[in-house]
Amino acid sequence: MVVDKGLLAPVRAGVPVEDLVSDDAWIEAMLEAELALARAQARLGIIPADAVTQMTAAVRTHRFDTRAIARASRGAANPVVVFVQELQRVVAATDPAAAHYVHWGSTSQDILDTATVLCASRALSTIIADVEASVDSLARLGLRHRDTLLAARTLGMHAVPTTFGARVASWVQGLLDAGDRLRQVRDHGLPVQLGGAAGTFASYIECARRSGGELADASGTEIYTRLTGEFAAELALVPSPVPWHSVRTPFADLAAAVATTSGALGKFAVDVISQSRTEVMEVYEPVAAGRGESSAMPQKRNPVLATLIRSASLQIPALVSTLFTAMLAEDERSPGAWHAEWQPLRECLLLLGGSAHTAAELADGLGADTDRMRRSLELSAGQLVSERLSIRLTPLLGRVEAKKVLQTAAFEAAESGTSLAAVLAGNAAVREHLEIAEIHDLLRPENYLGVAPDLIDRVLGHP
């Protein structure tokens, strides 16, 4: 029985990343790592080339029982031991001599770490594609609304005028930063693992020297460099200058990139949730059959895409913390810390993959109600631009007096339901320095936008 089918994690149920980091995908990645190692060894004359041919032929139609391997893995506390035993049996059934070279000189952590890197790299490629799709959609949205007035909110309250394009620019900037980090990790930060039993590489060196091949008389350093390089090339990964059995920097870097991306997606989601509240309703999610429904309230149209994204962003930091904690790996291989990485890392990739895929859909169909944005902007009746009056009046009245005048006027305007401009027009101290027309002009939100309309251009690198 499969325990986890995504029922309690709908954000990633049925999205592409599920297949890329499933148990079956991990088994396939372990097999790829074993065959890549054998090909690299054969290329360097460490094992016979025919052994690789026989291994490849033997596993071509074989189906590994993932559940059986998982259950049997309790005996060794990792799945590689049982997997290798079955792989050796399968190859031996075709060619007993070739079976001798399966997992030649290797150790469980070499294979599982490399398989994990393979799965992570593929998951990151899918996630990056979805992040880039979100950026493209949001770029179009931001450019379309670069001049659309919006009330900026700080601590949940109206602050100063901005544009919807500027808000979208903040989403885009976060996703661009996240994409850069993901690509850096995928392209440069996920190395293959080859170290042997305790990270000394002694077993691989011994195998090379006993082979009588081209590396039989080579130094240990040359054997390490050549074999690791060939192994990495086989898998389109990067080599590592040293084994990293108990130096978990690659997965810590991966965790950091995952957390950053999750946060950037979550920022997008929480803003959509905030702006789609009934009393605000400045944005709305794309419509689809059954989306946003409530089981009890027929009028509801909940922001479910943003909700799914936020749910992932709330879970990932705790999972990432486990990966950072696992850096405390004692000695040359840790009993428990290494093992503790596997499920949280996979869950991080699942959640982020689901979040990124959902965000791409949300970004592509996100709608903006510009009339609601304008009406919301007008709720403060000019108070939204009081900062500008403060800057103008401070040198005329003094800082303390200017603040007192504006606060008193703001409270009076709010209590009386009149505009701030009307109240200030009746203040003698203000009128001594400013004409009524000038007060009204200073309080127009479109006249106090700073560089807000330009932010989307700057984020996208437009001149």
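Here are some worked exercises on the predicted model shown above.

**Exercise 1. Overall build**

Work out how many helices and strands the chain has, and how its radius of gyration sits against that of a compact globule.

*Solution.*
- Step 1: Start with the secondary structure. You'll count 20 helices and 4 strands.
- Step 2: Now take the radius of gyration. A compact globule of 463 residues would come in near 23 Å, but this chain has 30 Å.
- Step 3: Put a box around the C-alpha atoms along the principal axes, and you get roughly 100 × 55 × 40 Å.
- Step 4: Look at the contacts between residues at least 6 apart in sequence. Of these, 74% join residues at least 24 apart.
- Step 5: Finish with the surface. About 21500 Å² is accessible, and 54% of that belongs to carbon and sulfur atoms. Of the 463 residues, 49% count as buried.

**Exercise 2. The nonpolar cores**

Find which residues of the largest nonpolar core touch the most other members, and which helix gives this core its largest share.

*Solution.*
- Step 1: A bit of background first: in soluble globular proteins, nonpolar side chains tend to be buried together.
- Step 2: The largest core here holds 114 residues, and those touching the most other members are Ile46, Phe83, Leu138, Leu227, Phe231 and Phe268.
- Step 3: Helix H7 (residues 108–144) supplies the largest share of this core, with 15 residues.
- Step 4: Zoom in on leucine 138. Leaving aside residues up to four places away in sequence, leucine 138 touches Val168, Trp171, Val172, Leu175, Phe268 and Ala363.
- Step 5: Don't stop at one core. There is a second, separate one of 26 residues, including Ala151, Leu389, Val430 and Leu434.

**Exercise 3. Three salt bridges**

Take the pairs arginine 248 with aspartate 113, aspartate 271 with lysine 267, and arginine 392 with glutamate 438. For each, say where the partners sit and whether they are buried or partly exposed.

*Solution.*
- Step 1: Recall that side chains of opposite charge can pair when their charged atoms come close. The structure holds 23 salt bridges.
- Step 2: Arginine 248 meets aspartate 113 with 3.0 Å from N to O. Arginine 248 is in the loop between helix H10 (220–235) and helix H11 (249–275), while aspartate 113 belongs to helix H7, so the pair links distant parts of the chain, 135 residues apart. Both arginine 248 and aspartate 113 are buried.
- Step 3: For aspartate 271 and lysine 267, the closest N and O atoms are 2.7 Å apart. The two are separated by about one helical turn because they lie 4 residues apart in helix H11. Aspartate 271 has 11% relative accessibility, so it counts as buried. Lysine 267, with a relative accessible area of 37%, is partly exposed.
- Step 4: Arginine 392 and glutamate 438 bring their closest N and O atoms to 3.2 Å. This is another link between distant parts of the chain: arginine 392 is in helix H15 (residues 386–397) and glutamate 438 in helix H19 (residues 436–442), 46 residues apart. Arginine 392 is partly exposed at 34% relative accessible area, and glutamate 438 is partly exposed at 30% relative accessibility.
- Step 5: Salt bridges can also join up. Asp4, Arg12, Glu18 and Glu347 are linked in a network of them.

**Exercise 4. Histidine 145**

Place histidine 145 in the fold, decide whether it is buried or exposed, and list what it touches.

*Solution.*
- Step 1: Histidine 145 is in the loop between H7 and strand S1 (149–154).
- Step 2: The cut-off for buried is under 20% relative accessible area. Histidine 145 has 10% relative accessibility, so it counts as buried.
- Step 3: Skip residues up to four places away in sequence, and histidine 145 touches Thr163, Phe164, Gly165, Ala368 and Thr370.

**Exercise 5. Helix H12 and a surface patch**

Which residues form a nonpolar surface patch with Phe324, and where does phenylalanine 324 lie?

*Solution.*
- Step 1: The patch is formed by Phe324, Met327 and Leu328, which together have about 290 Å² of accessible area.
- Step 2: Phenylalanine 324 is in helix H12 (residues 304–325). Its relative accessibility is 35%, so it counts as partly exposed.
- Step 3: Threonine 307 is also found in helix H12. With a relative accessible area of 40%, threonine 307 is partly exposed.
- Step 4: Try a distance too. From threonine 307 to glutamine 109, C-alpha to C-alpha, is 38 Å in space, and the two are 198 residues apart in sequence.

Methods
Residues are numbered from 1 along each chain as its sequence is written. This is a predicted model: local features need pLDDT of at least 70, side-chain atom pairs count only at pLDDT 80 or more; totals for chains, interfaces and linings use all residues. Side-chain values use heavy atoms; hydrogens and water are left out. Patches are made of residues with over 30% relative accessible area and no salt bridge: like charges are joined within 9 Å, nonpolar side chains (Val, Leu, Ile, Met, Phe, Trp, Tyr) within 5 Å. Accessible areas come from the Shrake-Rupley method with a 1.4 Å probe; for residues, only the protein chains shown count as cover. A salt bridge is a side-chain nitrogen of Lys or Arg within 4 Å of a carboxyl oxygen of Asp or Glu. Buried means under 20% relative accessible area, exposed over 50%, partly exposed in between (1.4 Å probe, protein chains only). The radius of gyration is taken over C-alpha atoms; the globule rule is 2.2 Å times the number of residues to the power 0.38. Contact means heavy atoms within 4.5 Å. A nonpolar core is a set of buried Ala, Val, Leu, Ile, Met, Phe, Trp, Tyr and Cys residues joined through side-chain atoms within 4.5 Å.
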